[in-house]
Amino acid sequence: MRAIHISSHDGPSAIEVVDIPEPDAGPDQVVIDVHASGVTFPDLLQTRGKYQISPQMPFVPGTEVAGVVRSAPEGSGFTAGDRVCAFPGLTGFAEVVATAPEQVFPLPDTMTFVQGASLPMNVLTVHFALAHRGRLEAGETVLVHGAGGGIGIAATQFVVAKGARVIAVASTEEKRALALKAGASDAIAPEGFKDAAKELTGGKGVDVVVDPVGGDRFTDSIRALGQEGRILVIGFTAGEIPTVKVNRLLLGNKSVVGVGWGEYWMTNPGYLQKQWAEVQPMLAAGDLDPLVGMEFPLEKTAEALELMDGRGALGKIVLTHDR
């Protein structure tokens with residue numbers, strides 16, 4: 001099968017398109033013929049050896065896929081021919097994937113494989129962040145950083161579906177327009193976002209900040225919070241891990257909340273399927289509708305990752321496979 005190999009930590013340009021044997025699936029694994037693979041920030045970090053999961057090289061990256069079940073163990077809930085998406089965590093940039101049944105999810109009939117490959121990482125991370133860790137309530141106001149990317153779009157749609165308001169922060173006019181399309185009430189530039197957020201909330205401040213970016217905007221994000229506000233720390237796409245002076249948390253009884261979705265589901269068996277059951281009605285209703293911005297064939301994975309590296313991605317990036 002065709003697949004992508006990371007065989008050095010020299011960045012996206014060093015990845016290789018290879019022909020390797022199909023995975024040797026165990027008796028308890030679901031085998032999927034992959035039609036599309038989602039591109040995520042951890043995939044980019046792995047090309048430089050900067051992600052917490054760094055397998056022995058060479059290895060096949062790729063955290064999420066969508067396709068058709070080739071075979072599945074009895075009692076798994078899946079049978080050959082089922083349309084699914086999955087979160088294998090690795091090996092997704094390949095034509096065939098084998099993974100545990102608990103990491104496989106039924107794909108709604110209304111969604112394409114490209115859309116399906118956009119779901120697991122972003123939607124389940126956002127669900128964990130906002131519903132579980134952030135305790136989002138209807139009527140609250142949420143500031144979403146990186147609102148033109150995959151996590152930002154998923155967060156915006158989830159917040160709106162829960163009856164809350166989104167103030168989107170995105171770096172370009174195109175990305176801000178995409179955030180508005182996803183349901184944001186307002187879309188603002190990163191420069192001066194704190195003051196803009198205060199003005200848009202009548203001086204009250206926002207209830208929640210969704211932050212997959214980190215970097216030098218973190219302190220102003222805390223300042224943008226209102227009474228008992230929460231900032232959800234999802235990642236650091238800016239590259240810099242920020243620090244916080246905890247006295248700022250005393251002013252307004254604010255909270256910095258870590259969002260380690262991967263660590264949580266890996267230590268809580270059954271949690272992924274519980275999450276999927278909760279988001280499935282939102283998917284079926286079209287409330288969570290991944291806005292795929294760009295598609296690349298598998299052979300152009302390097303270009304896809306380089307686009308993400310340069311922050312040129314508009315919406316979700318997906319790799320497609322000829323089937």
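# Buried and exposed residues in a predicted model

Arg 70 is partly exposed, with a relative accessible area of 37%. This value lies between the limits of 20% and 50%, and therefore Arg 70 counts neither as buried nor as exposed. The structure described here is a predicted model. This report considers its salt bridges, then several buried residues, and finally a patch on the surface.

## Salt bridges

The structure holds 11 salt bridges. Side chains of opposite charge can pair when their charged atoms come close. Which residue pairs with Arg 70? The partner is Asp 33, and the closest N and O atoms of this salt bridge are 2.7 Å apart. The pair links distant parts of the chain, as Asp 33 belongs to strand E3 and Arg 70 to strand E4 (residues 64-71), with their positions 37 residues apart in sequence. Asp 33 has a relative accessible area of 17% and is therefore buried, whereas Arg 70 is partly exposed.

A salt bridge also joins the side chains of Arg 48 and Asp 309, with 2.7 Å from N to O. This pair, too, connects distant parts of the chain: Arg 48 is in the loop between H1 and E4, Asp 309 is in helix H11 (residues 301-309), and the two are 261 residues apart.

In a further salt bridge, Arg 165 meets Asp 186 at 3.0 Å, N to O. Here the link runs between two strands, with Arg 165 in strand E9 (residues 165-169) and Asp 186 in strand E10 (residues 186-188), 21 residues apart. In addition, Arg 2, Glu 95 and Glu 299 are linked in a network of salt bridges.

The table gives the accessibility of some residues discussed in this report.

| Residue | Relative accessible area | Class |
|---|---|---|
| Arg 48 | 32% | partly exposed |
| Asp 309 | 34% | partly exposed |
| Arg 165 | 26% | partly exposed |
| Gln 46 | 4% | buried |
| Ile 153 | 3% | buried |
| Ser 37 | 0% | buried |

## Two residues of helix H1

Asp 43 is part of helix H1 (residues 41-46). Asp 43 is buried but takes part in no salt bridge. How far away is the nearest side chain of opposite charge? That side chain belongs to Lys 316 and is 6.9 Å away. A salt bridge requires the side-chain nitrogen and the carboxyl oxygen to be within 4 Å, so Asp 43 and Lys 316 do not form one. Beyond its neighbours within four places in sequence, Asp 43 is in contact with Ile 6, Gly 38, Gly 62, Thr 63, Phe 93 and Leu 305.

Gln 46 is also found in helix H1. Its relative accessible area is 4%, and therefore Gln 46 counts as buried. Outside four places in sequence, the residues in contact with Gln 46 include Ile 6, His 9, Tyr 51 and Phe 59.

## Ser 37 in strand E3

Ser 37 lies in strand E3 (residues 30-38). Why does Ser 37 count as buried? Ser 37 counts as buried because its relative accessibility is 0%. A polar atom of the side chain of Ser 37 lies 2.7 Å from the backbone oxygen of Gly 92. With neighbours within four places in sequence set aside, the contacts of Ser 37 include Glu 64, Val 65, Gly 92, Phe 93, Ala 117 and His 321.

## Helices H3 and H4

Is helix H3 (residues 120-133) mostly covered or mostly uncovered? Helix H3 is mostly covered, with 11 of its 14 residues buried. Among these buried residues are Pro 120, Val 123, His 127 and Leu 130. Just after H3, Arg 135 has a positive phi of about 50°.

Ile 153 is located in helix H4 (residues 150-161). At 3% relative accessibility, Ile 153 is buried. Ile 153 and Val 123 are separated by 30 residues in sequence, and their C-alpha atoms are 9.4 Å apart in space. Apart from neighbours within four places in sequence, Ile 153 is in contact with Ala 147, Gly 148, Leu 178, Ala 182, Leu 291 and Gly 315.

## A nonpolar patch on the surface

Which residues form a nonpolar patch on the surface? The patch consists of Val 244, Val 246 and Val 256, which together have about 210 Å² of accessible area. Of these, Val 256 is placed in strand E13 (residues 255-258). Val 256 counts as partly exposed because its relative accessibility is 34%.

Methods
Residues are numbered from 1 along each chain as its sequence is written. This is a predicted model: local features need pLDDT of at least 70, side-chain atom pairs count only at pLDDT 80 or more; totals for chains, interfaces and linings use all residues. Side-chain values use heavy atoms; hydrogens and water are left out. Patches are made of residues with over 30% relative accessible area and no salt bridge: like charges are joined within 9 Å, nonpolar side chains (Val, Leu, Ile, Met, Phe, Trp, Tyr) within 5 Å. Accessible areas come from the Shrake-Rupley method with a 1.4 Å probe; for residues, only the protein chains shown count as cover. Helices (H or I, at least four residues) and strands (E, at least two) are DSSP runs, numbered from the N terminus. Buried means under 20% relative accessible area, exposed over 50%, partly exposed in between (1.4 Å probe, protein chains only). Lys and Arg count as positive and Asp and Glu as negative; His and the chain ends are not counted. Contact means heavy atoms within 4.5 Å. A polar contact is a pair of N or O atoms within 3.5 Å; within protein, one must be able to donate a hydrogen and the other to accept it, and residues adjacent in sequence count only if both atoms are side-chain atoms.
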